[in-house]
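Please examine the following structure with attention to its aromatic rings, its enclosed and open spaces, and the elements around them. The explanation below proceeds through these topics in turn.

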Amino acid sequence: MSKRLVTTLLLFVLLASSAVGVFAQDAGIESVCLVTDVGRVNDGTFNQYAYEGMLSAAEDFDLDTTFIETQAQTDYTANIDTCVQEGYDAIITIGFLINDATVVAATENPDIFFIGVDQGNPDPVALPNYVGIAFREDQAGFLVGALAALMTESDTIAGVYGVEIPPVVKFRHGYEQGARYINPDITTLGVYIDSFTAPDRGAAAAEQFIGEGADVVFGAGGPTGSGGMLFAAQNGAYAIGVDQDEYFTTFGGGETPGAENLISSATKRVDNGVYDMIQALAEGTPLPETGAYILEAANDGIGFAEGHDAEIPEEVTAQVQELFAGLADGTIETGVDPVTGAMLDAEMEATAEATAAS
């Protein structure tokens, strides 16, 4: 056989292989496996929201799905590997703490797509099969912090937070900045708790803060935070939930005692983020080249829930809505780093704006 003929045959094989690859990409995915952060898919906060987003996408795009509930952080790698071994086309992992295990899995399995909620892709060029969904928690926190400052009668508000990781830090600093935007002299109390699944510890923290004069408690840390704000609501203080509208989860649509004291929740549209990225994969649309899908005020990716049974003056709600519009169009800044959650300015930019406006 001549060299020219061999070359021609090799070229034909390469072209055929390329065509198959393109067809497979255009065809999209057929199955998705979700790995929760520590906790369950019905925990009423982060895991549940992501799970619901997956189910909605599965229904719309006829996908096979399953989920694995993580019992401990040491299970992350094994749970992801189970999804890999069972042959799922895409794997969703939830939470900042599972980020490293997801990066390793995406590196070792370039033919599988990975969607990381509250995560970041460290090298989008090397890992085009991995997208991190990130949120402007500082903006959501800012909104409910402003609401807390408008509703407090003691001028002391508090927050019960989970593990001190960037998304939680962003919530805390945004909340405190939003409160100071309304009242630069307000007292803010807060504590990080090294677990997302300790509602009893969250409740104990809320009890302490109420004893120190706080009459609004923000719970931002999964069931731990929910335990804190539930205690507050059932003991005469205002409460603020997180991630999704906790009126429908923690407070059972108003059936749980204390629902009348839930004034809002700082919402992250985790469901929308998960749905959008699954849709892109199902339709064969490329993932973002930056390796990140950011949800913020500008695209309705964050927000604040209505008060439902709580008595909130219309002018207060209107004022918070104006702040949302300002965050969306960029005329208001939180003063918080949108990635790390660190304060951007020792002078606290949001406080300075509030002082200038007064």
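In this predicted model, ring pairs join Tyr161, Phe171, Tyr175, Tyr192 and Phe218 into a cluster. A charged group also takes part at Tyr192: the charged end of Arg172 sits over the ring of Tyr192, at 4.9 Å from the ring centre.

The aromatic pairs deserve a fuller account. A pair of aromatic rings is described by the distance of the centres and the angle of the planes. The count comes to eight aromatic pairs when ring centres within 6.5 Å are taken as paired. One of these is the edge-to-face pair of Tyr51 and Phe67, with 5.1 Å from centre to centre and 70° between the planes. This pair links distant parts of the chain, for Tyr51 belongs to helix α2 (residues 46-61) and Phe67 to strand β2 (residues 64-70), 16 residues apart. Tyr51 has a relative accessible area of 18% and is therefore buried, the limit being under 20%. Phe67, with a relative accessible area of 33%, is partly exposed. Tyr161 and Tyr192 form a tilted pair, in which the centres are 5.8 Å apart and the planes make an angle of 45°. Since Tyr161 lies in strand β6 (residues 156-161) and Tyr192 in strand β7 (residues 187-192), the pair ties together parts that are 31 residues apart in sequence. Tyr161 counts as buried, at 0% relative accessibility, whereas Tyr192, at 22%, counts as partly exposed.

The discussion now turns to enclosed space. The structure holds one cavity of 30 Å³ or more, and the largest cavity contains about 290 Å³ of space. Its lining comprises 21 residues, among which Asp37, Phe46, Phe196, Gly222 and Asp243 are the closest to the centre. Two or more lining residues come from each of β1 (31-38), α2, α6, α8 (222-233) and β9 (238-243). Of the elements, α6 gives the most to this lining, with three residues. By class, the lining of the largest cavity has eleven nonpolar, five polar and five charged residues.

Helix α6 also borders an open space. The second largest pocket holds about 310 Å³ and is lined by 17 residues, of which Gln119, Ala134, Lys170, Pro338 and Val339 lie nearest its centre. The elements that give two or more residues to the lining of this pocket are β5 (130-135), α6 (166-182) and β11 (292-295). Here too α6 gives the most, with three residues. The lining of the second largest pocket divides into nine nonpolar, four polar and four charged residues.

Strand β5 appears again in the surroundings of helix α4. The buried residues of α4 (residues 99-108) are Asn99, Ala101, Thr102, Val103, Ala105 and Ala106. Their cover includes α3 (76-85), β3 (90-94), β4 (113-117) and β5.

A final point concerns a glycine in a loop. Gly213 is placed between α7 (199-211) and β8 (216-220), and at 29% relative accessibility Gly213 counts as partly exposed. Which residues are in contact with Gly213, leaving aside its neighbours within four places in sequence? They are Ser154 and Thr156. The C-alpha atoms of Gly213 and Thr156 are separated by 6.1 Å, although these residues are 57 residues apart along the chain.

Methods: Residues are numbered from 1 along each chain as its sequence is written. This is a predicted model: local features need pLDDT of at least 70, side-chain atom pairs count only at pLDDT 80 or more; totals for chains, interfaces and linings use all residues. Side-chain values use heavy atoms; hydrogens and water are left out. Rings of Phe, Tyr and Trp (its six-membered ring) pair if their centres lie within 6.5 Å; planes under 30 degrees apart count as stacked, over 60 as edge-to-face and the rest as tilted. Helices (H or I, at least four residues) and strands (E, at least two) are DSSP runs, numbered from the N terminus. Buried means under 20% relative accessible area, exposed over 50%, partly exposed in between (1.4 Å probe, protein chains only). A charge sits over a ring if NZ of Lys or CZ of Arg is within 6 Å of the ring centre and within 35 degrees of the ring normal. On a 1 Å grid over the protein atoms alone, a cavity is a set of points where a 1.4 Å probe fits but cannot get out, and a pocket is an open set with protein on both sides within 12 Å along at least five of seven lines; lining residues have an atom within 4 Å of a point. Grid points are joined across faces, edges and corners, and a volume is the space filled by probe spheres set on the points. Ala, Val, Leu, Ile, Met, Phe, Trp, Tyr, Cys and Pro count as nonpolar, Asp, Glu, Lys and Arg as charged, and the others, Gly among them, as polar. Contact means heavy atoms within 4.5 Å.
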